[in-house]
Amino acid sequence: MSTIETIRIIFEKFIITYAICIALFYIFLAIVSVFVLRAYLRRNRFVDYEVMLSSPFAPSISVIAPAYNEENTIVENVRALLSLFYHDFEVVIVNDGSNDHSLQWVKDAYDLEKVDFAVNYRIETREIRGIYKSRNRSFSNLIVVDKQNGGKADALNAGINVSGKDYFVSIDVDSIISSDALLKLAKPFMEAKERRIIATGGVIRIANSCVIEGGELVSIRLPGSFLAKFQVLEYTRAFLMGRMAWSKLNGLLLISGALGLFDKEVASKCGGYYPKTVGEDMELVVRMRRYMADNNKPYRVAYVPDPLCWTEVPSTFRVLGRQRSRWTRGTIDTLRIHRKLFFNPRYGRMGLFSYPYWFFFEWLAPVVEMVGLCYFILIALFGAANWIFFFIILGFVYFFSITFSTYAILYEELTFHKYEKKWDVFRLFLYSWIEPILFHPFILFWAIKGNFDYFIAGKKGWGNMRRDGFGEFNSKTLRKRKKGKG
Amino acid sequence: MIRTLNHRIRKTTNVLTFLLLVPLLYPLDSMAKPDQDSLLYRVQVAARYGQPLNRDVIPENLCRDYTVYEGQHLGWFKYTVGYAPSFDSALRMSRYISDEFLIHSPFVVKYIFGERIPIDRLYYKIQIAASYKKPLYVRSLKRKYGIGPYIPVAEEYYPPYYRYTTGGFASYEEARAFLRDFRRDYGIDGAFIVPYLNGHRIREQDSVSYLIDNEAYINRLPSRPEMSEVEEPADTVETHEGISGDTAVVMAGDTVIREDTMDVPVEERAGGPRLAEKDEEDPFREGIRDFLDTRIGGKIAEWGSIIIDHSYKSILIIVFSFVVCFLLINLVIVFLFIILNKIHREYINERVRTLRNKYQEYLTNYLFNGEENGSFRKLEMIRGSFKRQVLTDEILHMYSNVSGEADVKMRELYFRLKLDEDSVRKIHRYRWTAKTRAIRELARMNVTRAAPLIEKYINSKNDTLRIEAHIAMVRMHKDDPFSFLDKINDEFTRWEQLNVHAIARLYDISIPSFNRWFDRDNDSVVIFALRMAVIYQQTDHYSDILDLTSHPSEKVRKEAIIAIGNMQLREGISRLILIYPTEPYNNQLEILKALYKIPEVSEIEFLVERTREEDFDLQLEAMKVLNKIGWEGQYVLEELEKRYNDEAFSRKVKHVTDKRI
């Protein structure tokens, strides 16, 4: 047997083992999720969140929302944030050097004036140009920070420095936060016993085509856009089947930047958000976990399956592609920064389980898929393909993916059933059949592009992305939405 | 002339060059080929009908020692090795190949001018079994008789029979000797000798006449009685319904008819004692086929066999095929389930809504008209656990929304309808959700006799059940609502504390003196007691709170410091200043925050020292207190600002003096 033959056999064996492993892993996570979701829903039936509303026992929270060129929506969204149901909270809006009228309009709308605030730069950030508070006492819990542009992470760090509460929530200013979000996110912190809860994440849902008035969700609809519908499937799978399970296994590494509640003390002690990466949300969680593990403190990262945050997702290929490429770069960057965790028993499940999972199945999955695809095309061209095997495996992969999506729809139906129309469920089901053919190739391409950008084009940070940074697509679509509404 | 010669030489050179190139254009193997024109014998080692054989199945060492040629003939791909000048040497070679490389029944084929022609040679094989239309499996056949891997068994097909033979003997004597040993060793008494001519089976009498015609072999002619003594003539096999060899084997099970093989020309099938491919050897494949044949049978087994024959490459194909089928079925089921669940949910919601409206009407009627119009009777008639649960929920709902006389009437109704018994029954149920619901109902309706039952759950492992039990305890023990705190073993979490406090605030609960729990071992209970003492401003026992500032637990000390601030216990100021240096950072910060709430001139000296702290927050908090103390403190701040003449310090002074922050 020649060397090439040996390599070929090893490679083929590796691919099939990899595929089986990833499928088994997904099944495992889905099964764990069932139990977690069931337990959560049952428990939640007996929970009265209203008791928290005026309780002195509830922890104090700062809601930090970085804003960059959001002049169209900022006033409305700040009002929505101020009207969140909670007792002891403040809203910190960080204007990250917008070059539109964001700051001016907020100032006018809320009667803001500059105050002599001495900022404790616990975490190093770009210069803070000024801190504004309202003359109107009814907005006393609003703080607006005006700073030099430094990216989302830097803006969040400035917000943490200014915040005067024990916990902070980081949100995207253009997402719609459900009014009970703070109550639901804060509950796990209060339930903690010997294990300190360092962060809680919430489920992100898709707001495209939903009716929004005054920064609040009025009616939930399935997105009209082709791309957004696929993303509904994607998000449902990721949040209801993946992250729920990871939180139960205490291996959750990512709390989406759109909504997460963090222990301020731990976050600032470990240095806050890392401004030089595009995946700052994941990086912070990993660093906080590392900090706790390094100091031998028992901890947990919790997750709330309720749909607490509704966000507009990209509905054009260009913007979606950029977002996915950025996500990929963020993942690679975090994995690179924290490579010490790789199979490191010192970090418990995170080192032995979560990190390798992210490494092999989140980062490498598209790479392996691409390599496999190229290999297959090559052997098919040389006429050496085993077509029967190919079709069987293709069938397996295709039906596995559909089954997985269908189960995600089932989970959603059994839990929160936000899409009330029967036809909506049917449409989602149909979309799950075409997703592997029409949507997945793009996702794969963008992930590969992310790898290419990271390793070959050398785009590590936000780079020139910053200018049209985190809120760009959202503000555009929101503008459209507003037009449509008006 | 010279030109013509030159031209000729050039022409010849071209031709020579061309001729030299020819071997290079051929694969190197062809260089070693013997003269194609002569007669030669080769040994066929494998064949496959319809498509070429995967080369992997040909033993590697065979390929190393011999060049394996692939030839196509009447739809068969045939693989041959070796070159022998005579049939005998080819036969020897075939035996050698059979023994050395463990090839199943290799046999000799003859080529003239590179064309395959039938062998004009008589040889003998031993038939072990035959089957009418249905093929058997060589492996299972061998397993049945315990025939080892070194004895190859070949399958031959002469419609409508499948025959299984072994060996290849140049002489009848050799074959007979082998047959004797074979019968003895494996107990197959029905095995017999079959003569072959030109590569295929002939009738026994034809073999005899052949031998007579070829006098060179006349001496090998066996005598007739000897022959009939040991075997049945091959052509009589058909009259025995195609059964030769062991009858039981051939007829066992519903073996599958492979219709496709019916089309194969007889001689080709017969010529195919072939190398069994790896997949035929796979026990998994045979296991599935056996399963299909014996357990399933009929058309399904037939189709299954066809699919397996066409698709089988490895175990993975079968596994994945099953998985795909499973996924498809699963998909349909899940989708139907989703739709049915949606319908069911809507139905249940609708039903509950209707029932609630109906019961609401009965209850309102009962409240305003008493029993006159039979509303109680109607309520009493409600049967079934689901309906009674809806009724209970509705009564509880109304009970918490009405007051005065109606309130009493609702509670009375709950007991009259014996819903309390339902609740008590539920508490004994296995499911914690039922228990929790029961506890909630019993606590709302204050069914005091159930208190001992509920008390069991105050240390339950289930958070929800535990909290519900705590709330129930507070509501049911009117005289001493917080007595359950003494019995708490585990940590009393902030969430539990919040719920208990919410209940105490919402209902008319008599609040005890919380200093009673200050000396408990459970720190979380002490913390809760401290917080409650602050909320209810129980300043009478301030000395107890001051004592807690020396508690071994850091968390308790922190809570005591916060309590001193929130209760504005001026008696605690000196204490706070005293413990400051020994406290950890977080508690130091809390001390300064507490002092902010009780600003006193006496603190100035301590605070001035704190403004020299390196930590930003400690410094800022101390400055806030100085500013709060009044003009004395503010004067000190101004003086300090002047003394330090530091921009950062001035910024902090501005911060603390800015009233808008």
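**View 1. α2 (74-82) and β7 (176-177) of chain A each give at least two residues to the lining of the second largest cavity.** Helices (H or I, at least four residues) and strands (E, at least two) are DSSP runs, numbered from the N terminus. Helix α2(A) supplies the largest share, three residues. The volume is about 60 Å³. A cavity here is a set of points on a 1 Å grid over the protein atoms alone where a 1.4 Å probe fits but cannot get out, and lining residues have an atom within 4 Å of a point. Among the lining residues are A:N77, A:L81, A:D172 and A:G215.

A note on the model: it is predicted, so local features need pLDDT of at least 70 and side-chain atom pairs pLDDT 80 or more, while totals for chains, interfaces and linings use all residues. Residues are numbered from 1 along each chain, chains are lettered from A and ligands numbered from 1 in the order written, and side-chain values use heavy atoms, without hydrogens and water.

**View 2. Here is a ring pair that joins two chains: A:F426 in helix α12 (residues 422-455) of chain A and B:F335 in helix α13 (residues 315-369) of chain B.** Rings of Phe, Tyr and Trp (its six-membered ring) pair if their centres lie within 6.5 Å; planes under 30 degrees apart are stacked, over 60 edge-to-face, and the rest tilted. With centres 5.5 Å apart and planes at 50 degrees, this pair is tilted.

**View 3. Stay in helix α12 of chain A for A:F442 and A:W446, four residues apart, about one turn of the helix.** Their ring centres are 5.7 Å apart and the planes at 35 degrees, so this pair is tilted.

Definitions and conventions:
On a 1 Å grid over the protein atoms alone, a cavity is a set of points where a 1.4 Å probe fits but cannot get out, and a pocket is an open set with protein on both sides within 12 Å along at least five of seven lines; lining residues have an atom within 4 Å of a point. Grid points are joined across faces, edges and corners, and a volume is the space filled by probe spheres set on the points.
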